[in-house]
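Please keep the structure open while going through these points. They follow one helix, then the packing, then one strand residue.

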Amino acid sequence: MILNGSSTNSQSHEVLIVSPLFEASSFAMYFAFEYHVDGKDDEHLELQGWTEASGWTLLWNRSNRHLGWTHPIVWVPRFTRAFRFVGHFGRSVVGFDSFSIVSAINDTDALSCDFEKDFCDWSMGGDFAWTGPSEGYAHVDTSDHAAAPGVVGMRKEFVLVSPMFPERPSTQSWRYLSFAYEMSSGNVFSLELQSWSSSLSFWLTIWGLKGQQGVGWHNAKVRIPENAGCLRFVGVTDGNEWGGGFGAILMSISNLFSFEVPAREFATISVGSAHACLLYHDSGELRCFGYNDMGQLGQGHRSSIGNEPGEIASLLPVDLGENMSAKQITAGGYHTCALLQDDSVKCFGWGVRGQLGSGWFTPVGDSSGDMGASLRPIDLGDGMLATQVAAGRMHTCVLLQNHAVKCFGENEHGELGQGHRQNIGWFVGQMGANLPSIDLGDGMWAKQIAPGDKFTCVLLQDNSVKCFGLNSAGHLGQGSFEGQNRSIGDEVGEMGSNLPAVDLGIGVLATQIATGGHACALLQDNSVKCFGSNYFGQLGQGHTLDIGDHPGELGANLPPIDLGTGMRAKQIAVGALHTCVLLQDSSVKCFGYGAYGQLGKGNTQNIGDEPGEMGDNLPAIDFGEGEGSLAVSIAAGGHNTCVLFQDDSMKCFGLNSEGEAGMGHDRMIGDDSCEMSSLAPVQLAPLTPRQIDELRLSEGALRGRVEVLHAGVWGTICDDRWSDANAQVLCRELGMAGGVALERFGGGTGPILMDGVNCQGGEIGLAQCGFRGWMVHDCHHGEDAGVECQLDAWTQLSGLSESTGRQGHSAVWDSFSSSMLIFAGQAPNRFVTYNDFWQYDWPKRSWFQLASGPTARTGHSAVLDSESRSMLVFGGEYLEQHLDELWMYSLEMDSWNLLASGSLEGRSMHSAVWDQKKRAMIIFAGQGASLLGDLWRYGLNASTWVELIPQGPFPPARSDHAAVWDETSYSMFILGGWGGSLEFLNDLWIYRWEADIWMQLSPYTSGPTTRRGHVAVWDPVSKSILLHAGAATFEATSNSSETSSHGATSYYSSELWNYSTLSNVWTQMALDSVSGTPSGRMDHAAVWDPTSRGMLVLGGFNVSYLFDLWRYVALPTNAIHTAECDQGQICTVEMREFVPETFRGTYRVCWCRPDPAAQVACGRLSFAGRPVTNSLPSRNIFQQHSLCSLPSRFLLSWRRIA
């Protein structure tokens, strides 16, 4: 409620309001309040404090009329016990609101409060309530506030005020406040965070939300403005929901935490006449796009970039020279300049007026060989180094480390400030010591430079502004110069002390200047004044009259631009004919010429050229919601605008004929309604770490806080934008399968090294993921990111393109290059059979196409000979013809050769394994003219096919089955398949090469149901078979949810099974894969990577032809060691040959009994020392096992278990 005080006697001082007595404090405090005056008489207002020792004394006074609400915070001496307001106002009325006592602290760290005990040093002002230690938050519930007569419908503010804290600039570090909030129930209300500083003496909204924000708590993080000295939360309602009942408002705040971070920017944007540039500060990488007729993009050609799809994402950084990187950029009319890390300056693009400072007038950057080491730094004079470079339309200025300014380029109107009109920088001998610095006046030096279109402005050390050059429309803010609006700086005697500063008002100082076709100044009170050309309303005054071209138009006669109620500016940007302002709440408003959509209003109307278009009538640009709608910096150029957002994205709009908006087309952006809220960011290549020294998890191998080693220092990662895709990449990099992100894991120490990590999911590791730069963040250790990784789980990788989805292809694994090789396959519904050849490079996580193979085919087999690094491909089907050719592809030679043809019946959907010791390919069964069950062997050394006819019973004929090879026991295992006549199989057979015998295995546990089109791989460490997917029957319970395909009795399985050859047991795997699982499928391909113990699965068919790539990582296990012994003899081995260095421990040992029963015996051996020889124990546990079928030898195997 507002209290009103008035005075009927315009000359007397009357007591307006007196506080009750309160308890005296031995500490200094602050008193915060709000007031405004309604009337036209001069007023005088005093705040007085009362102490027992001194009575009433003056604490604060304010004279002269102020518009709107003013928000003083006044220092209160110790032992003060009461306040009163005294003043005179004539016929004016003064209103007061929001009284609160504010404590003082020495550092922003004391702003933190969890509300577990009390309000800490925050002042609730009787509005917010404390829930107590059991819940720990401050809240407003309007059902607790009974509605008073006549109050319903009035605006009400609920205020929670911070203690005062030191006001200081943010040159070395930035201050933040993070907090949790809840806004539920009710509709017409808002919650804001506001800041106050003594220099402004009013509250600025720096964060705010309106209306219900959903159920539960949300987190926010807000940067505290520079020189702020106090914060407050303000909950606002119109009063209609007081007194409980339906629609009562609940607003809650908790977990206040203040912290500081290093003052490091992520990126800078700059916009020229028709091109834009982005600089990543951490790496110094510079990328430019748009118009490029003069090489201003620095790519060594003249083709525009950004008007065709895919150009932006593949855009390379500008080559500034070996080990050269930029730390500041500026885009001019048709040229670009960069301040490098060694404080030198390089420019490229159009140099016809000397604006490149190269001593030559031809373009640079439009031909190959122009950039890199060939691009020389500008000669600024011996020992002269730069701190800023700024480009105008046709000239360039450099601010030197001694605060002097040098400009070069076009000088038609004296914009170089040299007292003449000769261009500088286009001939040899004009630069360096021959170019004097600009005379800014006795004792005057520059803090910032801003060259525009044919004129230049400079911000001086006393925060005054001087401008020179073209003055036809008041560009220089002089009103007139010697009675005329003529140029300044083109004749002798016009610079130095003879050039007056721009009149911004008595005592009014500037903090930033921006120029283009006109000039704007950001003032110390965060208001904005603009002057110069105003034909389209770009000065924001509601008319089209130029300002600054006649006397009396500046100073107090030029009001600040009306940006809206309570709105102040953080940054200004000026284009050719429009102006944009970044407001303190991170919103953006633009005005002036709008024909190309550069104002972002969804139309082409001009704004600011008529009364009533500014202030609250000009809404902020609608960028959508979330971090991608909150701006951190802006840039304006010719007829377009670019904005950098809190999520590190960049969006550009306006004229786009040459791709200057970076959207892959040449259509205008921002001229159609609803276009802005859905505008996509510019897809530039992200900044990446490039190299991470080491990664670890704080709580072990699978779970914990993510910690990074960089430059010899361990640190943490902030969880901003931390995602499951990040977790999957990280877990794979640590040798595991997928994982899930754990936000706010917290608890770290040391520096926060990474923030904004953004992986797509297919990267090799975090070093290939986007991030903000090393130690560029806005986080505290409570936001440390964590992960929970998995083994026995799947994770998805980048597969082939959708158009190349297939089934019936082959896959082999090349250990030398850690690559999967994919050959041929088909997509019958698309009438495509392939003969293409692909390599998936696992270390690079990338696909490469190799030389196409022989005749297109599907259902063929492939194996790899690691000795020659050659892939052997046999059989397959093409156009209903079964092929009988055996081909070999050499990875070393990248060539195909036909090895054999016509030796055996052609077939498809058969199986093949490779015996590396004997360099032989063994194939079994398949579909030829009929269903086959034969067994063949091709010896690479003998170059012949030999049919094998094993003893005893043999597997029935089949196709579409799977097979693996165990090189330890010289055995081939086959599983399931298609037995003809709608018969699905699930039998398991082993072919023993040395015994030349088939044996059917009978696992102790039930396993996969009957199926066909499945894949299988062999894990030599665990001596296990992994079987995946296939078209399966419903004979057993399945976790598959895929649609049935083979009538009502079959489905596409997604199951993964493990068969242990040592325990003779089936076990279903990957039952809880947090990163997802491959969909059910058949006729896909799989390989096993023995180094990482991972299975890669590609493609296949269910209801469509698949192109996805998945990886399964097995559980860890101790290696199983084996030895061969003569049958009938006790097996004695030198254990040091097989077990680790340290023998202490318990091993599970299995061996074949030397008797006709062909049995396996298992037991335990424990070692306390280093024995030379150990024989098998006499007590045995027997079980039937096929491993003992060797005719003259048997196997001994062991694995450490304790």
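Is helix α1 mostly covered or mostly uncovered?

1. Mostly covered. The model is predicted. In it, helix α1 spans residues 724-733, and 8 of its 10 residues are buried.

2. The buried positions of α1 are A725, N726, A727, Q728, V729, L730, C731 and R732. Polar names such as N726, Q728 and R732 are on that list.

3. What lies over these buried residues? The cover includes strands β39 (694-697), β40 (703-710) and β42 (739-742). It also includes β44 (786-789), β45 (793-797) and β71 (1105-1113).

4. Look just past the end of α1. There, G735 has a positive phi of about 90°.

5. Now the packing. The largest nonpolar core has 150 residues. Within this core, F289 and L766 touch the most other members.

6. L766 leads back to the helix. Leaving aside neighbours within four places in sequence, its contacts include N726, V729, L730 and E733. N726, V729 and L730 are also among the buried residues of α1. The other contacts of L766 are P689, I692, L695, I717, V757 and C759. A second, separate core holds 29 residues, among them F165, Y181, F189 and I224.

7. Last, F158. This residue sits in strand β11, residues 156-161. Why call F158 buried? Its relative accessibility is 1%, and the cut-off for buried is under 20%. F158 and H139 are 19 residues apart in sequence. Their C-alpha atoms are 9.6 Å apart in space.

Definitions and conventions: Residues are numbered from 1 along each chain as its sequence is written. This is a predicted model: local features need pLDDT of at least 70, side-chain atom pairs count only at pLDDT 80 or more; totals for chains, interfaces and linings use all residues. Side-chain values use heavy atoms; hydrogens and water are left out. Helices (H or I, at least four residues) and strands (E, at least two) are DSSP runs, numbered from the N terminus. Buried means under 20% relative accessible area, exposed over 50%, partly exposed in between (1.4 Å probe, protein chains only). Contact means heavy atoms within 4.5 Å. A nonpolar core is a set of buried Ala, Val, Leu, Ile, Met, Phe, Trp, Tyr and Cys residues joined through side-chain atoms within 4.5 Å.
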